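I opened this notebook to keep track of what I look up in one structure. The entries follow the order in which I looked.

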Amino acid sequence: MVLYLKEFKYKWGMVIDLDSCTGCGACMVACQAENNIAPPVDASDKRYSLTWLLVYELSNKKPYPDHDVAYMPRPCLQCGHPNCVPVCPVIATDKNQEGGIVSQVNARCIGCRYCMAACPYHARYFNWHDPVWPEGMEKTLTPDVSTRPRGVVEKCLFCHHRFMYARDKARIEGRDPNALAEGDYIPACVEMCPTGAITFGDLENPEHRVHQLSKSPNAFRLLERLGTDPQVYYYSKREWVRRLGDNYLEHETVGGV
């Protein structure tokens with residue numbers, strides 16, 4: 001595994017409250033609309049689906065009346081030590097964006113899909129089709145996000161164009177673009193969540209709520225013992241939910257042996 005020692009002035013991250021998420025899918029719709037993801041050619045064929053943010057249903061697998069479910073939105077986790085980066089032969093993806101966002105340069109991508117095989121979270125998607133929108137719908141495209149051709153891999157970028165807009169806005173207002181206030185930069189999925197289940201901000205800033213939530217004993221990260229150091233945390237007061245975050249054995253407690 002390649003260790004990335006670059007220090008960032010800030011580290012953008014999320015804490016997703018799985019006890020508040022209702023699985024409505026509003027975050028998925030917001031992500032697709034904001035990032036110009038075209039409607040699928042055949043939505044019934046999940047082999048060719050293109051969804052940067054996917055909501056999974058979790059279950060404790062107990063019979064009624066003890067049955068319980070939770071819903072888990074899964075964007076790109078923006079790993080601190082991303083497995084996808086060292087396998088890319090053309091440096092189409094890298095851990096070099098300010099804030100620790102794992103970049104994806106579509107113009108460089110040759111579609112080898114090594115990054116997809118390396119990602120343990122299945123957070124990367126191959127574009128099998130050229131994007132086509134129904135007549136008139138092309139007028140709704142986000143002007144700050146380029147569309148992608150078939151043959152390249154796509155992924156969540158934490159709505160990086162919104163980050164750049166927030167920095168430009170700070171400059172215009174005479175503020176330091178490298179010291180954005182909480183709420184200056186918010187991805188589309190966070191903005192559109194009807195229950196406020198997704199908290200976003202600087203994980204390194206003690207004044208940001210996302211930093212405080214990430215330190216909670218109820219916070220966890222997916223497959224954390226792989227050492228990928230994700231910048232997306234999950235939160236749940238239910239132990240069975242936290243246990244599903246990694247491959248814990250029956251005798252192991254969450255977070256250790």
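Is T51 buried or exposed? I note first that the model is predicted. I looked up the relative accessibility of T51 and found 10%, so T51 counts as buried, the cut-off being under 20%. T51 sits in the loop between α1 and β2 (54-59). I then listed the contacts of T51, leaving aside its neighbours within four places in sequence, and got M28, Q32 and Y125.

**Entry on Y125**

I followed the contact from T51 to Y125. Y125 belongs to strand β6 (residues 124-126). Its relative accessible area is 10%, so I wrote Y125 down as buried. Not counting residues up to four places away in sequence, Y125 touches S49, L50, T51, W52, L54, R74, M116, V152, V153 and E154. With R74 there is a polar contact of 2.8 Å between the two side chains. For V153 I looked up the C-alpha to C-alpha distance, which is 5.5 Å, while the two residues are 28 residues apart in sequence.

**Entry on the largest pocket**

I looked up the volume of the largest pocket, and it is about 640 Å³. Its lining has 31 residues, and the closest to the centre are Q32, I37, A38, P39 and P40. Q32 had already come up as a contact of T51. Helix α1 (residues 26-34) gives the most to this lining, with 3 residues. Sorted by class, the lining of the largest pocket has 18 nonpolar, 7 polar and 6 charged residues.

**Entry on the second largest pocket**

For the second largest pocket I found about 320 Å³ of space. It is lined by 20 residues, and those closest to its centre are Q104, N106, V145, L157 and H160. Three elements give two or more residues to this lining, namely β5 (103-104), β7 (153-155) and α4. The largest share, 3 residues, comes from α4. By class I have 8 nonpolar, 8 polar and 4 charged residues in the lining of the second largest pocket.

**Entry on α4 and G174**

Which residues of α4 are buried? I found H160, H161, R162, F163, A166, R167 and A170. H160 is also on my list of residues closest to the centre of the second largest pocket. The buried residues of α4 pack against β1 (12-17), α1 and α5. I checked the span of α4 as well: the helix has 13 residues and reaches 19 Å from its first C-alpha to its last, close to the 18 Å expected at 1.5 Å a residue.

Just after α4 I came to G174, which takes a positive phi of about 80°. G174 lies in the loop between α4 (160-172) and α5 (188-192). G174 has a relative accessible area of 66%, so I entered it as exposed, the cut-off being over 50%. I also looked up the C-alpha separation of G174 and A30, which is 31 Å, with their positions 144 residues apart along the chain.

**Entry on Q231**

Last I turned to Q231, in the loop between β9 (219-220) and β10 (232-235). Q231 has 2% relative accessibility, so I marked it as buried. Its contacts, not counting residues up to four places away in sequence, are K11, W12, G13, M14, L77, Q78, K95, G99, G100 and L203. For G99, I noted that its backbone oxygen lies 3.3 Å from a polar atom of the side chain of Q231.

Key: Residues numbered from 1 in each chain as written. Predicted model: local features only at pLDDT ≥ 70, side-chain atom pairs only at ≥ 80, totals over all residues. Heavy atoms only, no water. Helix = DSSP H or I, 4+ residues; strand = E, 2+ residues; numbered from the N terminus. Buried < 20%, exposed > 50% of the residue type's maximum accessible area, 1.4 Å probe, protein only. Polar contact = N/O pair within 3.5 Å; in protein donor to acceptor, adjacent residues only side chain to side chain. Contact = heavy atoms within 4.5 Å. 1 Å grid on protein atoms, 1.4 Å probe; cavity = no way out; pocket = protein on both sides within 12 Å on 5 of 7 lines; lining within 4 Å. Points joined across faces, edges and corners; volume = space filled by probe spheres on them. Nonpolar A, V, L, I, M, F, W, Y, C, P; charged D, E, K, R; others polar. Expected span 1.5 Å × (residues − 1).
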